[in-house]
Amino acid sequence: MSTSLETANETSSSLLTPEMMSRLERMELVSRKIFRGRMKGERRSKRKGQSVEFADFRNYVSGDDLRFIDWNLYARMDRLYLKLFLEEEDLHFFTFVDDSLSMNFGEPTKYYVARQIAASLAYIGLCRGDRVSVSTFSTAGSPVVLRGKSNVHRLLGFLEGASANEKSPPMEEAVKKFCLRNSGKGVVVVISDLMNKSGYESAMRMLVAREMDIFLIHLLSPEELNPNVQGDLKLVDCEDGDTKEVSVSAVLLQRYQQTLANFIEQARSFCNKRSITYVPARSDQAADVLVNEYLRTRGLVR
Amino acid sequence: MNWINALSWPQWLLLAAIPPAVLSLYFLKLKRKRLEVSSTLLWRKTLEDIHVNSIWQRLRKNLLLYLQLAFLALLILACLRPGWSGQDRIGERRIYVIDNSASMQATDTSPSRLELAKEKVKNLLSETASDDVGMVIAFSDRADVRQGFTKDKTRLLAAVDSIQPTNHPTDISEALRAAAGLANPGRSSFDNLSDIQVADAIPATVYLLSDGGFGDLGDSDLGQLKVEFLPIGETGTANVGVLSFAVQRNEDKKNQLEAFARIGNFGEEPVEFTASLEINGELVDASSVKVAAKQETGILFELEQIEEGELALKLDHEDALSIDNTAYAAIRPNKPISVLLVTPGNSALETALTTGRCQRIANVRVESPTFLIDSAYLANDTESLFDLIIFDQCAPTMMPESNTLFMGSKPPSLSEPKKDSDESKKPSEVALGEADFSKDWQFGPSSGPVIILDVNRSNPMTQYLEMGSVVILEGMTVTPPENGTVLMTSDSGPVFAVAPRGPFQDAVLGFGMLQSTSEGIQVNSDWSIKRSFPVFVYSVVEYLGGGITETSAPTVLPGNAIGLTLSNRFDNYRVVSPTGQKIELTRNNESRFTFTQTDQVGMYSVFADEMERPMERFCVNLFSGRESELTVASAIQMGADKIEATSNFVRARQELWRWILGVGLVVLMVEWVIFNRRIFI
C-alpha cells in the first residue's frame with residue numbers, strides 16, 4: 001500500500017487527485033467477454049492452461065503432456081483422460097479519447113473530463129496488471145501501451161500533454177487506424193461527444209467487427225444540453241467554420257431539445273443493438289462520480 | 001355602434017403601408033450576433049424542418065409579429081373612431097346658445113361654468129349625425145352668432161372654442177330672437193351667412209346652455225323653436241358680491257367724502273369677511289362685514305377730502321365668482337369750468353353765475369364789452385381758455401373758439417367776418433346797432449310781448465324750466481341754422497335755439513333780461529327774478545361748459561355704453577382701460593362722446609390730447625344682483641310656458657378610440673418587453 005500511496009503522491013496531477021487514485025486502486029476492470037491475453041495475468045482466459053482451477057477433461061491424444069493425465073480416472077474407466085485447467089491471463093484495455101476541437105467546450109472542458117475518465121480507467125487497469133493502451137484520435141496510430149502500476153506517471157504525462165487540436169481526424173479514420181494498430185481483442189472505452197458531421201456509426205461498426213467489449217461514453221457539455229442563448233445569432237461551428245443563423249425562440253429551443261433527445265436516443269439504440277455499452281455523461285459532472293457510480297452500474301468496473 | 005372617419009385618404013394610405021412594412025422588417029433580419037459553438041450539428045438538425053423556407057411557416061407562431069399587427073389593427077380601428085350615441089337624431093337643425101355672461105365665469109364647476117358649457121356643446125356636437133346642421137350663438141347682454149348653420153363640425157367646434165367669457169350681464173331675448181328668426185318663416189335671417197347654407201325656416205332645436213341668470217322672458221314667440229334648457233353650474237352656489245359702490249360729498253361736513261357700498265350675500269350661509277378700501281392702490285380703510293344668508297348689507301367709509309382719486313373696494317372673501325368682489329369708484333378731477341361773461345352790466349346774471357352750486361363747477365370772469373376789442377383779447381385767442389362765453393347784450397366780431405350763449409344779441413355771421421370794419425365802432429354799437437343779417441342764424445324783428453308757449457324738455461338746458469309765468473316785453477324770433485334745435489317756442493316763433501358750430505355749440509336767446517334803449521337800461525323780462533333763471537344758468541353752464549357736476553364718476557355695467565361730456569377745448573381724447581389699453585376718441589359733431597368698449601371691469605381714465613392728468617374718469621362695475629346670484633335656474637319661464645331643465649339630456653357620443661389607442665400602446669409595450677426579455681417565446 002505504501003508504494004501505491006507514494007506513487008499517487010508523486011504523480012498527483014490535475015487529472016487524478018490522490019483521493020481519486022486511492023479509491024480507484026480498489027477497483028478492477030471487468031469485461032463481459034473473456035479474451036485471450038498475451039501474457040499470464042490475473043484474469044481467467046479462454047485458454048486452458050496451467051492453473052490451480054480445474055476446468056474440464058478431454059480425451060488423450062498422442063503427444064499430449066503426460067503430466068496432465070488423470071490417473072485416477074484411468075484406473076476407474078481404463079481410458080486416458082487429460083485434466084484441463086483454466087488459464088489466467090491479462091486483459092487488454094484500450095481507452096480512446098476524442099480530441100477534436102468540439103471537445104474543448106464546457107467548463108470544465110469536455111476534453112479535460114474525458115482525459116480524467118481515461119486516466120481513471122487506465123489507472124485501474126494499471127493497478128490490476130492489465131495491458132493498458134491510451135490514445136487519442138490524433139494518436140490512434142501510435143498509442144501509449146503500458147503495463148504495471150509503476151507506469152502511472154507515463155500515463156498521466158501522456159494525457160496531460162495531450163490537447164484538443166484541429167488535426168484530429170474524423171472518428172471513422174481514427175478508429176480505422178486504431179483497429180489496424182491494435183490487433184488484439186479486449187475492452188475498449190471510447191470517450192467522445194459524437195459531434196461528428198460524418199457520423200459515428202461506421203466507426204463504431206468497425207470496432208464491433210473486432211469483437212471487442214466496447215464502452216461508449218457520450219460526453220456532452222451543459223451548453224449543448226441546455227443552450228443558454230438569446231436573440232438573433234449566427235452560430236459558428238468551431239471545427240469546420242460552418243455557420244447557422246438562428247433566431248432564438250422558445251419554439252426553437254424546444255425543437256433543439258427534441259433534436260438532442262433524438263440524437264441521444266439514436267446513439268443509445270445503435271449501441272444497444274450492437275452490444276455496445278452506451279454511457280451518457282455530462283462534462284459538469286465529477287469524473288470520479290462517473291467512474292464510481294455510472295461505470296460501476298454499467299459493469300465496466302467493480 | 002357607428003364610425004367616424006378621423007383620417008384623410010393620404011393618411012389612410014400611409015397607415016395601410018405600415019403592416020406590409022412590419023412584415024417585411026421580419027424578413028429583413030437584423031444583424032446577428034456571432035456565437036461560436038462546439039458544433040452546429042444539432043442546430044442544423046433542429047433548423048432543418050423550420051428551414052422549409054416557407055414564409056408562412058416562418059411567420060407561424062411569431063408572437064411578436066402578431067402583437068405588432070394587433071397594435072396596428074387597433075390603431076386603424078381607433079382611427080375609425082367607433083362609438084355609439086345616446087340617441088339617434090338625424091337631419092336635425094340645432095342651435096347651440098351658450099351663455100357667456102359674467103356669472104358663467106363662476107368656478108363652482110371646474111374649470112368654470114363656461115368651459116363646462118363648451119364641453120357639453122362639444123359633446124352634443126360629437127353626438128350629431130353627419131346630416132345635422134348646427135349653429136352657435138354666444139350671448140351675454142347681446143347675442144353673437146359665432147357660426148351660422150353649417151354641417152361642418154370642425155367649424156362648429158372652432159366656433160365653440162372661440163367663445164370667451166365676458167363681464168356682461170345676461171339678456172337672452174336677443175339670442176332667442178336671433179334663433180327664432182332662423183327657425184320661423186317670415187322672419188329675417190342674418191346677413192352674413194352667405195357662404196354657409198342658410199337654413200330654411202324649419203323647426204329647430206335650441207340647446208340653451210346657461211345658468212339661467214335672466215328673468216322672465218315674457219311672451220317670447222319662439223314659433224317652431226323647441227328649446228332644451230341645459231342648466232350649467234351647481235345649484236346653491238354661494239357668492240358674495242358688491243351690488244353698488246359710490247362716493248359722494250358729505251352733506252354735513254363739507255370737507256369730507258363718503259364712500260358707500262351695498263354688499264349682497266347670495267349663499268345659504270351667513271358670511272363674515274373684511275372689506276378693504278383702497279385709494280390709488282393704497283389701503284386706507286377696512287371694515288369687517290357680516291352678511292346674513294340671502295341678505296344685503298351696507299357699509300360706509302368716511303374719507304378726508306381728496307382732490308381726485310381712484311377708489312377700489314375689495315371683499316376679502318373666496319367665492320365662485322371673483323369678478324363681483326371688487327368694485328371701483330372714482331372721485332372726479334376737480335376742474336371747474338371757465339366761463340367768461342361779457343356784459344355791460346347784468347347783476348341778475350352775475351348773481352346766478354355766483355350761486356354756490358355754480359361756483360363749485362365754474363370759474364366765472366366778468367368783462368365789459370370793451371374787453372372784446374381789447375388788444376390782449378384779440379392778440380391771443382383768449383377765448384380758447386374758456387369753455388363757455390356768455391355774451392349778454394353784445395356780440396363779438398367773430399365767433400370765438402368756444403361754446404357761446406347769446407342773450408338778447410345776435411351772433412356774428414360765420415361766412416363774412418367784418419373784423420376790420422367793426423374795429424372803429426363801439427362795442428355797444430357793434431352789438432346793438434348792427435342789424436347784421438347772419439347768414440346762418442335767422443332773426444325776426446323785435447316785437448313784443450313774447451309769450452313762451454313750449455319748452456323743449458329733452459334738452460338738458462331747458463328740461464327743468466317753467467316759463468309760463470315769465471313776462472317778456474320784447475324779443476325776436478331765432479331760427480337756428482341746419483342741425484340746430486329749437487328749445488323755446490313763443491307765440492311768434494322760436495326764441496331760444498342751440499346749434500352746433502364745428503366742435504362747439506352756440507345757443508342764442510332771442511330776448512335779454514335788460515335792454516339798453518335811448519332812455520337807458522330797461523328791464524325787459526322778469527325771468528331774472530324767477531326761480532327758474534338760476535336753474536337755467538346752471539344748466540347752461542353745466543351743459544355748454546361740459547360741466548362736471550358729480551363728485552363720483554359715473555359707473556356702467558360691463559358692455560354698456562357710457563356718454564361722456566367732455567370739454568370742447570380738445571378735439572382728441574384717449575381712454576385708458578384698466579389693462580392699460582389706449583383707445584382714441586375723436587370728436588364728431590356731437591358734444592357728447594359715446595364710449596362702448598367697456599368690457600373690462602375697473603377704472604377707465606380719459607385724457608385730453610397730451611395732458612398728463614385725466615380729464616375724466618368712469619368705472620365699469622358688475623353691479624348686478626342677477627349675475628352675482630349664482631343659483632342655477634331649474635326652469636325658464638317663457639311667458640306662459642315653462643321650460644324645465646333637461647340636465648340629463650346631454651348624452652354625449654361615447655368615444656372609444658382613445659381607449660383603443662391606449663390598449664394599442666399597452667400591446668406595443670408588452671411587445672417591447674417580450675422582445676427585450678424573451679419572457680414568453
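Biologist: Which residues of H5(A) are met by A:Arg115, A:Ala118, A:Ala119, A:Ala122, A:Tyr123 and A:Leu126 in H4(A)?
Modeller: The model is predicted: local features need pLDDT of at least 70, side-chain atom pairs count only at pLDDT 80 or more, and totals for chains, interfaces and linings use all residues. Residues are numbered from 1 along each chain as its sequence is written, while chains are lettered from A and ligands numbered from 1 in the order in which they are written. Helices (H or I, at least four residues) and strands (E, at least two) are DSSP runs numbered from the N terminus, and residues are in contact if their C-beta atoms, placed from the backbone, lie within 7 Å. On this basis, the partners in H5(A) are A:Val152, A:Leu155, A:Leu156 and A:Leu159.

Biologist: How many nonpolar residues has the contact of H4(A) with H5(A)?
Modeller: Ala, Val, Leu, Ile, Met, Phe, Trp, Tyr, Cys and Pro count as nonpolar, Asp, Glu, Lys and Arg as charged, and the others, Gly among them, as polar. The contact has no polar residues and one charged residue, and its nonpolar residues number nine.

Biologist: Are H4(A) and H5(A) roughly parallel or antiparallel to each other?
Modeller: The axes of H4 (residues 110-127) and H5 (residues 152-161) of chain A come within 10 Å and cross at roughly 165 degrees. Axes are lines fitted to C-alpha atoms, for helices over the stretch in contact, with angles from 0 to 180 degrees between N-to-C directions; under 35 degrees counts as roughly parallel, over 145 as roughly antiparallel, 65 to 115 as roughly perpendicular and the rest as oblique. The two helices are therefore roughly antiparallel.

Biologist: At what angle do H6(A) and H7(A) pack?
Modeller: In the contact, A:Met171, A:Glu172, A:Val175, A:Lys176 and A:Cys179 of H6(A) meet A:Ser202, A:Ala203, A:Met206 and A:Leu207 of H7(A). The axes of H6 (residues 171-181) and H7 (residues 201-209) of chain A are 8 Å apart, and the packing angle is about 15 degrees.

Biologist: Which helix gives the most to the side of chain A that touches chain B?
Modeller: The contact takes 30 residues from chain A and 23 residues from chain B. Strand E9 (232-237), strand E10 (243-247) and helix H9 (250-273) of chain A each supply at least two residues of the chain A side. With eight residues, the greatest contributor is H9(A).

Biologist: What is the bridge partner of A:Asp237 in E1(B)?
Modeller: Strands pair if DSSP finds at least two bridges between them. E9(A) and strand E1 (residues 33-37) of chain B pair in the parallel sense over five bridges. Within E1(B), the partner of A:Asp237 is B:Val37.

Biologist: Which are the edge strands of the open five-stranded sheet in chain B?
Modeller: The sheet has mixed pairing and the order E27-E33-E32-E29-E30. Within it, E29 (residues 572-576) and E32 (residues 602-608) of chain B pair in the antiparallel sense over four bridges, and B:Val576 has B:Ser605 as its bridge partner in E32(B). Each edge strand pairs on one side only, and these strands are E27 (555-556) and E30 (582-586) of chain B.

Biologist: Which element of chain A has the lowest mean pLDDT?
Modeller: pLDDT is the predictor's confidence in each residue, from 0 to 100; chain A averages 82, and 88% of its residues score at least 70. Over residues 1-12 of chain A, pLDDT stays under 50. Helix H3 (residues 71-77) of chain A has the highest mean, 91, whereas the lowest, 38, belongs to helix H1 (residues 2-10) of chain A.

Definitions and conventions:
Two residues are in contact if their C-beta atoms, placed from the backbone, lie within 7 Å.
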